[in-house]
Structures are given as structure tokens and as C-alpha cells.
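New to this one? Here's a quick briefing to read alongside the model.

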Amino acid sequence: MGQRLSGGRSCLDVPGRLLPQPPPSPPPVRRKLALLFAMLCIWLYMFLYSCAGSCAAAPGLLLLGSGSRAAHAPPAPAPGPDGTTPRLPFQAAPATPLAAGREPAEGAASQEEQSPETPDSPSPISSFFSGSGSKQLPQAIIIGVKKGGTRALLEFLRVHPDVRAVGAEPHFFDRSYDKGLAWYRDLMPRTLDGQITMEKTPSYFVTREAPARISAMSKDTKLIVVVRDPVTRAISDYTQTLSKRPDIPTFESLTFKNRTTGLIDTSWSAIQIGIYAKHLEHWLRHFPIGQMLFVSGERLISDPAGELGRVQDFLGLKRIITDKHFYFNKTKGFPCLKKAEGSSKPHCLGKTKGRTHPEIDREVVRLLREFYRPFNLKFYQMTGQDFGWD
């Protein structure tokens, strides 16, 4: 029998509080919540780590911010040989006065093609991914034409997860070539393996030096030209200038060197740009016709998915952009995106697009069509496409 304690109680009778007790176990719900929280933290860490190399290409993550603008500002260009720092490309060039009401040089006028509503600032998540990938020289360039639909095409293409493009027009091969390819590359957004770097500057198509310069960069560069009925294009060009300078002469007076004889003034850029066959000859001296894609500006409006299908095939991309991405805006008269890159909201090009054209004398339009007809037919033969402008 056990030893007796004072008072006649057995040691077995000692109260429980005198013996060491194990700590009370936490309630089951709290224990499960703590375990779930720990697992969530681990999963989130692994997800972010793995996404740094792959999520930027996922179609569902277009909200990461503008892939076409660098996720962060490009580093400042190095000082030139004279010790001065070159201007950034997005600063507007000094305006040149119109001579006799004529429009300024094509490059300066094409600033209107830059869309002010293009996403410019990255989201916080896109900043996280900005360190991934590398900057490459463009493998494809939209080289023209002004007022043909180049901005619309670029905005539509940027929906594709494998396309990364500069939003503003770099104007490297016509204005800033002396700054060098390293400067040009630094303007480009970062891309991952399998993604294409693009830019668009419509004035390249009418710049004599541009074909040789692009060929010197890479003979494999793919070139895209958006063309439109040259008469309609010229009127659209004039309408753009008129919106900036309401005091310019009428379209009719600018069209002719001599209205009585009906002699067309081909020195006026609005007319000269539309002689597509003449400009294409310069490009074919440096690039084979198979390396160029000619997009119909009219079909880009009437059948955007069809034209985008051709462009995606030309670029070697999977056909991701389809009819489901577009809706037709009756007010503007052209298609808009249901969801633009970097946004979950519908997106149309800004108020500078889709302007109402002024009424032009029908006889002037008829004479212009006669003027352009032989050039159009030659252009059809050169490209192997009938655009139906005649």
C-alpha cells in the first residue's frame, strides 16, 4: 500500500493542481486557419516567383499594364561625342511653317497618329515583372501609310499576348538615325522568348533613306503597310491639318497647280503620299515582296478580324485576335476593342480619329481618281492584290 501522508491521505489523493499539467490544445478551428494561412503564403510566394518568367505572356493577364510601353522609363541616353545628351524621342519636333498653305513634312504631321489615350503608366503588378525579359530591336515594323489606319492596326495587335510594341512613333529611321541602334533598342519594351517586338512610324514608307537603313539593321525585318483609297486618304490628311489650322486654303485650291488645266500638284504631301507604287519601288530594292504585308484600310474597318488574321499569320503568331474582340461603334463609324490591352473596359481610338470630312467638289474628286488610277493599277500588279479603289 502506498505511504500515508499527514492527515491520513494517500499520495494518490494529492489534488490535481499539485501535479504538472500539459498546456491546453488550441481550438481545432484556429489550428486549421493558421495552417491554411501558412499554406497560402507559400503558394503565393511560389506563384509570384514562377510568374516572373511566364505570366507576362498569358492572355488573361493583359491587365498587367501596357506591354507596348516599357514597364519603366528607359535609361537616359549616353552623352554624344560633343558631350551633349540627345533629346528623348517623344518630344515633339519644332513645327515648321506651312508654305503657301501646304502641310508640313510628313514626319511632323504624323504626330497626330500618336494616340493620347494609349496606356502610358504601368500597373503595380507590371512593375513587378518589368525586370523580366530583354529589349530587342523590332522584328516587325508598320511603315505606313499616314491616315491609312496604322494606329488602329497597332492597337488591335497589342491585344495579342505575344506582341509587344512601342506606343509612340519612334521616328528613328527618318529623324533620329544618327543616334544609333543602341538608342533605338532602348526605346523598345522588354520581351520574353517567343514574343515579337514591333513599332509603327507611317512616315517611313515615304522616306527615301528608310528602306536601306532598316535593311542594314536586319534584312529579315517584316514590314507591314496599311493602305487606303488614295483620294479618301488625301481628304483625311487635309481634314487633319484643317483641324489644327482652320485658316489654310481649301482642299480644291491645294490640289491643283493650275485649276484651269487640271494639273495636279504632286508636291503637296497629301497627294504625294498616295502614289503608293512610286514609294514601293524604293522598298523592293532592299526587301522581297514576300517580306511585306499590305493591309487594306477599308477591310480593317469592315472586317477587322479577317485582316488581323492575315497579319497574325504573316507574323507567325497564333490566331488569338478574332471577332469576339471587336464591336462596331456606329457613332465613330469603325470597330472598337471590347477590351484593350491594360484595361478591362471597351476602348475606341480617340476623338482625333473618325473626323467628319469636309464636302469636296465632285469634279475635283473625279479628277483625282483619274490621276491616281494608273498608279493604283501598277500598285495592284506589284502587290498581287486588287484593293478595289477604281
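Two strands count as paired if DSSP finds at least two bridges between them. Strand E3 (residues 163–165) and strand E5 clear that bar, pairing in the parallel sense over three bridges. Keep in mind that this is a predicted model. The points below take in strand E5 with its partners, then helix H7.

**Strand E5 and its partners**

- In the pairing with E3, Arg164 has Thr197 of E5 as its bridge partner.
- Strand E2 (residues 140–144) also pairs with E5, again in the parallel sense and over three bridges.
- Here Ile141 finds its bridge partner in Glu199 of E5.

**How covered is E5?**

- E5 runs over residues 196–200, and five of its five residues are buried, so the strand is mostly covered.
- That goes for both faces: Ile196, Met198 and Lys200 are buried on one side, with Thr197 and Glu199 buried on the other.

**Helix H7**

- What span should the 15 residues of H7 (residues 230–244) have at 1.5 Å a residue? The expected figure is 21 Å, and the end C-alpha atoms are 21 Å apart, which agrees.
- At the start of H7, a side-chain oxygen of Asp229 comes to within 3.0 Å of the backbone nitrogen of Val231.
- Because 11 of its 15 residues are buried, H7 is largely enclosed by the rest of the structure.
- Among those buried residues are Pro230, Val231, Arg233 and Asp237, along with Tyr238 and Gln240.

Definitions and conventions
Residues are numbered from 1 along each chain as its sequence is written. This is a predicted model: local features need pLDDT of at least 70, side-chain atom pairs count only at pLDDT 80 or more; totals for chains, interfaces and linings use all residues. Side-chain values use heavy atoms; hydrogens and water are left out. Helices (H or I, at least four residues) and strands (E, at least two) are DSSP runs, numbered from the N terminus. The expected span of a helix is 1.5 Å times one less than its number of residues. Buried means under 20% relative accessible area, exposed over 50%, partly exposed in between (1.4 Å probe, protein chains only). A polar contact is a pair of N or O atoms within 3.5 Å; within protein, one must be able to donate a hydrogen and the other to accept it, and residues adjacent in sequence count only if both atoms are side-chain atoms.
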